[in-house]
Amino acid sequence: LVLTLDGRFAYRAQGLRKELLEAIERKTNRVVVDLVSLVDSNSVSTLVTGMSAREKGGDLRLVGLPPSVSIIFKITKLDRAFEVLPDVDSAVASFAN
């Protein structure tokens, strides 16, 4: 499942949380989130919720981090919690390994 977020991610976080949880329950637990927008603390909380896919044998990959978000991920060490890849194709391919 590839979710591409455009617009302000903060406003979409609740909808994304619902989509992630539904996907995990459906066992569609290999999820790529393409972050093409701003990320705030509510958004990060939503992404952490998506990490529950790991408990069901899946995982969550992130792509498209803008430079400002990438810096925040490094400072907060979230880059260690999430696998961050350069593009959607790389992220999808990483599930085959």
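Start by selecting Arg61 and Phe95: Arg61 lies over the face of the Phe95 ring, 4.2 Å from the ring centre. Keep in mind as you click around that this is a predicted model.

Leave Phe95 highlighted and add Val32, Leu85 and Ala91. These four are among the five residues of a second core, separate from the largest one.

Now for the largest nonpolar core, which has 16 residues. Select Val33, Leu47, Leu60, Leu62, Phe73 and Phe82, the members that touch the most others. To see where the core comes from, colour H1, strand S2 (30–35), helix H2 (41–50), strand S3 (59–63) and helix H3 (67–75); each of these gives it two or more residues. S2 makes the largest contribution, with three residues.

Next, zoom in on Phe73 and Phe82. Searching the whole structure turns up one aromatic pair, and here it is: the ring centres are 6.0 Å apart and the planes sit at 45 degrees, so the pair counts as tilted. Are these two rings buried or exposed? Phe73 has 2% relative accessibility, so it is buried. Phe82 is buried too, at 3%.

For the last stop, head out to helix H1 (residues 9–25) and pick Lys18, which sits in that helix. With a relative accessible area of 53%, Lys18 is exposed, because the cut-off is over 50%. Then draw a C-alpha to C-alpha distance from Lys18 to Gly50: you should get 9.8 Å, for two residues that are 32 apart in sequence.

Key: Residues are numbered from 1 along each chain as its sequence is written. This is a predicted model: local features need pLDDT of at least 70, side-chain atom pairs count only at pLDDT 80 or more; totals for chains, interfaces and linings use all residues. Side-chain values use heavy atoms; hydrogens and water are left out. Helices (H or I, at least four residues) and strands (E, at least two) are DSSP runs, numbered from the N terminus. Buried means under 20% relative accessible area, exposed over 50%, partly exposed in between (1.4 Å probe, protein chains only). A nonpolar core is a set of buried Ala, Val, Leu, Ile, Met, Phe, Trp, Tyr and Cys residues joined through side-chain atoms within 4.5 Å. Rings of Phe, Tyr and Trp (its six-membered ring) pair if their centres lie within 6.5 Å; planes under 30 degrees apart count as stacked, over 60 as edge-to-face and the rest as tilted. A charge sits over a ring if NZ of Lys or CZ of Arg is within 6 Å of the ring centre and within 35 degrees of the ring normal.
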